[in-house]
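Here is a note for a colleague coming to this structure without earlier acquaintance. The points below go from the overall picture to individual residues and may be read alongside the display.

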Amino acid sequence: MKKINQTEILKETILLMKMKQADELVQLKDHYHYTVESLKPLNLIKNAFGIIATSPEIKGNILSNVVGMTTGYITKKVLLGSTHNPIKRILGTVLQFVITNIVTKQSEKVKDNDLQNG
């Protein structure tokens, strides 16, 4: 049987530690690149929109707001047309704002009733 030499054991241990260190360095570099990619502004925006797109509550709120704004804009155009009178333009904007708020709030009430009845 071969006699175990302490120097050989030490060399083997050092070799194993160097291999472990190299593996951990590769993992650290991979994690660094992943972190850098995830913190880029474009990726942050994509992730935020991904979260918004998958949330049904946010989708419903966006839909309500879009319906309200569209209704307010169409009402303003139908009632006032394209006027150059500054007073009518201001009143038209106020009217648009009021109608947008009313329609948005009513669509939320309708949505809440559908959830309770459905």
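1. Confidence. This is a predicted model, and the protein has an average pLDDT of 84, with 89% of the residues scoring at least 70. Confidence is not even along the chain: helix α1, which covers residues 6-38, has the highest mean at 95, whereas α4 has the lowest at 79. Points that concern α4 should be read with that lowest mean of 79 in mind.

2. Overall make-up. The protein contains four helices and zero strands, and reading along the sequence gives the pattern α-α-α-α. Of the 118 residues in the protein, 9% are buried. When contacts with a separation of 6 or more are considered, 54% of them join residues that lie 24 or more positions apart.

3. The meeting of α2 and α3. How do the axes of α2 and helix α3 cross? They come within 5 Å of each other and cross at roughly 85°, with α3 taking in residues 56-80. Because angles of 65 to 115 degrees count as roughly perpendicular, α2 is described as roughly perpendicular to α3. On the α2 side the residues involved are Ile 52, Ala 53 and Thr 54, and on the α3 side they are Pro 56, Ile 58, Lys 59 and Ile 62. Sorted by class, this contact of α2 with α3 has five nonpolar residues, one polar and one charged.

4. Ile 52 in that contact. Ile 52 belongs to helix α2, which spans residues 41-54. Is Ile 52 buried, partly exposed or exposed? Its relative accessibility is 30%, and so Ile 52 counts as partly exposed. Setting aside residues up to four places away in sequence, Ile 52 touches Ile 58, Lys 59 and Ile 62. For the pair Ile 52 and Ile 62, ten residues apart in sequence, the distance from C-alpha to C-alpha is 9.7 Å.

5. Thr 75 and Thr 100. Thr 75 has its place in helix α3, while Thr 100 is found in helix α4, made up of residues 86-117. These two threonines are 25 residues apart along the chain, and their C-alpha atoms are separated by 9.5 Å. If neighbours within four places in sequence are left aside, Thr 75 is in contact with Leu 95 and Ile 99, and Thr 100, by the same reckoning, is in contact with Gly 68, Met 69 and Gly 72. Thr 100 counts as buried because its relative accessibility is 12%, and buried means under 20%.

6. The salt bridge. How many salt bridges does a search of the whole structure find? The search finds one, and it is formed by Glu 37 with Lys 40, whose closest N and O atoms are 2.9 Å apart. As a general matter, side chains of opposite charge can pair when their charged atoms come close. Glu 37 counts as partly exposed, at a relative accessibility of 38%, and Lys 40 is likewise partly exposed, with a relative accessible area of 38%.

Definitions and conventions:
Residues numbered from 1 in each chain as written. Predicted model: local features only at pLDDT ≥ 70, side-chain atom pairs only at ≥ 80, totals over all residues. Heavy atoms only, no water. Helix = DSSP H or I, 4+ residues; strand = E, 2+ residues; numbered from the N terminus. Buried < 20%, exposed > 50% of the residue type's maximum accessible area, 1.4 Å probe, protein only. Contact = heavy atoms within 4.5 Å. Axes fitted to C-alpha atoms, helices over the stretch in contact; angles between N-to-C directions. Parallel < 35°, antiparallel > 145°, perpendicular 65-115°, else oblique. Nonpolar A, V, L, I, M, F, W, Y, C, P; charged D, E, K, R; others polar. Salt bridge = Lys/Arg side-chain N within 4 Å of Asp/Glu carboxyl O. pLDDT = per-residue confidence, 0-100.
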